[in-house]
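User: Hello! Could you take a close look at the salt bridges in this model and walk me through them?

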Amino acid sequence: MIGIIVTGHGNFASGVSSSVKLIAGLPEKYEQVDFLEEHGIEELSKNIEAAINKLNDCEGIIIFTDLVGGSPFKASVELSMKYKNIAVLGGTNLGMLIETSMARNFIEDLDTLCNSAISTGKDQLIRYEFVERVEIESEDGI
């Protein structure tokens, strides 16, 4: 199975993970790493690396981060160069995380799972627009 690590600023990881658990149940091979205000970059990297080590029996790991270019993203990218079969995705949303967590049961290839996650993440972005419905009166009946 491909492991999942979620990390981000503040309580992003624990917050989005609590939603995953509520909607889809507690995933296996899943770790979360918050980057709190009192943490430094070194501590963040150490915590992400500890999460990687907990998932060392996985065929690969996807690290989901909140912001592309942020400290959790950068720390994850640096660690992905140290270990093999680790992919880092930025801009995580709840839909892509739930879908990917469940898709790991039948998608075993890291690149395929990453592409699926990105596609789902994009599909989850929409803008709702209210369109006023105009009824046309007709004397002809139905």
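Analyst: Happy to; here is a walk through the salt bridges, pair by pair. This is a predicted model, in which local features need pLDDT of at least 70, side-chain atom pairs count only at pLDDT 80 or more, and totals for chains, interfaces and linings use all residues. Residues are numbered from 1 along each chain as its sequence is written, and side-chain values use heavy atoms, with hydrogens and water left out.

A salt bridge here is a side-chain nitrogen of Lys or Arg within 4 Å of a carboxyl oxygen of Asp or Glu, and by this rule there are three salt bridges.

Let's begin with Lys-29 and Asp-57, whose side chains meet at 2.7 Å, N to O. Lys-29 sits in the loop between helix H1 (12-24) and strand S2 (30-35), and Asp-57 in the loop between helix H2 (41-54) and strand S3 (60-65), so this pair ties together parts 28 residues apart in sequence. Helices (H or I, at least four residues) and strands (E, at least two) are DSSP runs, numbered from the N terminus. With 29% relative accessibility, Lys-29 is partly exposed; buried means under 20% relative accessible area, exposed over 50%, and partly exposed in between (1.4 Å probe, protein chains only).

Next comes Lys-54 with Glu-31, where the closest N and O atoms are 3.7 Å apart. Here Lys-54 of helix H2 is linked to Glu-31 of strand S2, 23 residues apart. Lys-54 is exposed, at 57% relative accessibility.

Finally, the side chains of Lys-82 and Glu-49 meet at 2.6 Å, N to O. Lys-82 belongs to helix H3 (residues 71-82) and Glu-49 to helix H2, so the bridge joins parts 33 residues apart in sequence. Lys-82 is exposed at 56% relative accessibility, whereas Glu-49 is buried at 19%.
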